[in-house]
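Trainee: I would like to learn how to read a structure feature by feature. Could we work through one together, taking the general idea and then the case in hand?

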Amino acid sequence: IPFGRGLRWPLANVVFAPLIATCVRAHERDLIVSHRLRYTGVPEILAGRWTGRPVVLHVHHMEARNLGLLLERWALRRADRVVVDSRFVRKQVEAEGVAPERVQVVPCGASPPVPVDAAHIAEVRRALGILPAGLIVLSLGPMIRRKDPLGLVRIFAAAARDLKDTYLVWAGEGPY
């Protein structure tokens, strides 16, 4: 969308609904799925009503505390199904007024482990100062407030008192 970040999601809610409905009809789609609730949740609900197609909203978390939350709440309450990736998010969504029978938890998947050369693992352990027998707890994700990296460090520190040679490694970028 060729306008600034501050205007992007409010304008998307107005502009997208007729475009989505046109695409759904033109391509004979049976279902509308939204992954970006703030940007496309409301227009996809409207497009679903206009085209008679069911709408599934996919939600990772409820975060906004402004007009965005009102729009997200409106869309969530009108979706045919809401898919979340954890029981925590399920509770958040249900707290917004979504009926439990319309919420489904589908955990994010992980690929099978990739074989790694033992020499490479030893090199990484040496670089990080981790003993060969040490247990590594790895956290992947942005180092941002919502992910609470400092909370993880506090919890890990408390748990690690009882564990010998246990290390926390966080891989991610951000202000923290």
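Trainee: In which helix do Glu94 and Arg90 both lie, and how many residues apart are they?

Mentor: Before anything else, keep in mind that this is a predicted model. Glu94 and Arg90 both lie in helix H4, four residues apart, which is about one turn of the helix. As a general idea, side chains of opposite charge can pair when their charged atoms come close. Here Glu94 forms a salt bridge with Arg90, and the closest N and O atoms are 2.8 Å apart.

Trainee: Are Glu94 and Arg90 buried, exposed or partly exposed?

Mentor: Glu94 is partly exposed, with a relative accessible area of 26%, and Arg90 is likewise partly exposed, at 24%.

Trainee: How many salt bridges are there by this rule?

Mentor: The count comes to two. Besides the pair within H4, Glu96 forms a salt bridge with Arg73, where the closest N and O atoms are 2.5 Å apart. Glu96 lies in the loop between H4 and E4 whereas Arg73 lies in helix H3, so this pair ties together parts that are 23 residues apart in sequence. Glu96 is buried, with a relative accessible area of 9%, while Arg73 counts as partly exposed at 21%, the cut-off for buried being under 20%.

Trainee: Which other buried glutamate should I look at, and what does it touch?

Mentor: Look at Glu44, which is found in helix H2 and is buried, with a relative accessible area of 9%. Leaving aside residues up to four places away in sequence, Glu44 touches Ile20, Ile32, Val33, Ser34 and Val55.

Trainee: How should I read the sheet, and in what order do its strands come?

Mentor: The general idea is that strands of a sheet pair through backbone hydrogen bonds, either parallel or antiparallel. In this model four strands form an open sheet in the order E1-E2-E3-E4, and the pairing is parallel. At the edges are strand E1 (32-34) and strand E4 (103-105), each of which pairs on one side only. From one strand to the next the twist averages 20°. If you want to inspect one pairing in detail, take E3 and E4, which run parallel and are joined by three bridges; Val82 stands opposite Val103 in E4.

Trainee: Which helices lie across these strands, and at what angles do they run?

Mentor: Helix H2 lies across E1 and E2, running at about 165° to E1, and helix H4 lies across E2, E3 and E4, running at about 170° to E4. For the wider setting, there are six helices and six strands in the protein, and from the N terminus on its elements run α-β-α-β-α-β-α-β-α-β-α-β.

Trainee: Which residues touch the most other members of the largest nonpolar core?

Mentor: That core has 22 residues, of which Leu57, Val59, Leu76, Val82, Val84 and Val93 touch the most other members. The elements that give two or more residues to this core are helix H1 (5-26), helix H2 (37-51), strand E2 (55-59), helix H3 (67-78), strand E3 (81-84) and helix H4 (87-95). H2 gives the most, with four residues. To follow one member outward, take Val93, which touches Val59, Met62, Leu76, Val82, Val84, Val98 and Val103 when residues up to four places away in sequence are not counted.

Trainee: How do I read the protein as a whole, and what share of its residues is buried?

Mentor: Buried residues make up 31% of the 176 residues. Among contacts with a separation of 6 or more, residues 24 or more positions apart account for 56%. The accessible surface comes to about 11,600 Å², and 60% of that belongs to carbon and sulfur atoms.

Trainee: Where do I find residues that have a positive phi although they are not glycine?

Mentor: One is Glu28, with a positive phi of about 50°; Glu28 is found in the loop between H1 and E1 and is exposed, with a relative accessible area of 64%. Another is Asp148, whose phi is near 50°. Asp148 is found in the loop between strand E5 (135-140) and helix H6 (149-160), and at 39% relative accessibility Asp148 counts as partly exposed.

Key
Residues are numbered from 1 along each chain as its sequence is written. This is a predicted model: local features need pLDDT of at least 70, side-chain atom pairs count only at pLDDT 80 or more; totals for chains, interfaces and linings use all residues. Side-chain values use heavy atoms; hydrogens and water are left out. A nonpolar core is a set of buried Ala, Val, Leu, Ile, Met, Phe, Trp, Tyr and Cys residues joined through side-chain atoms within 4.5 Å. Buried means under 20% relative accessible area, exposed over 50%, partly exposed in between (1.4 Å probe, protein chains only). Contact means heavy atoms within 4.5 Å. Two strands pair if DSSP finds at least two bridges between them. Axes are lines fitted to C-alpha atoms, for helices over the stretch in contact, and angles run from 0 to 180 degrees between N-to-C directions. Accessible areas come from the Shrake-Rupley method with a 1.4 Å probe; for residues, only the protein chains shown count as cover. A salt bridge is a side-chain nitrogen of Lys or Arg within 4 Å of a carboxyl oxygen of Asp or Glu.
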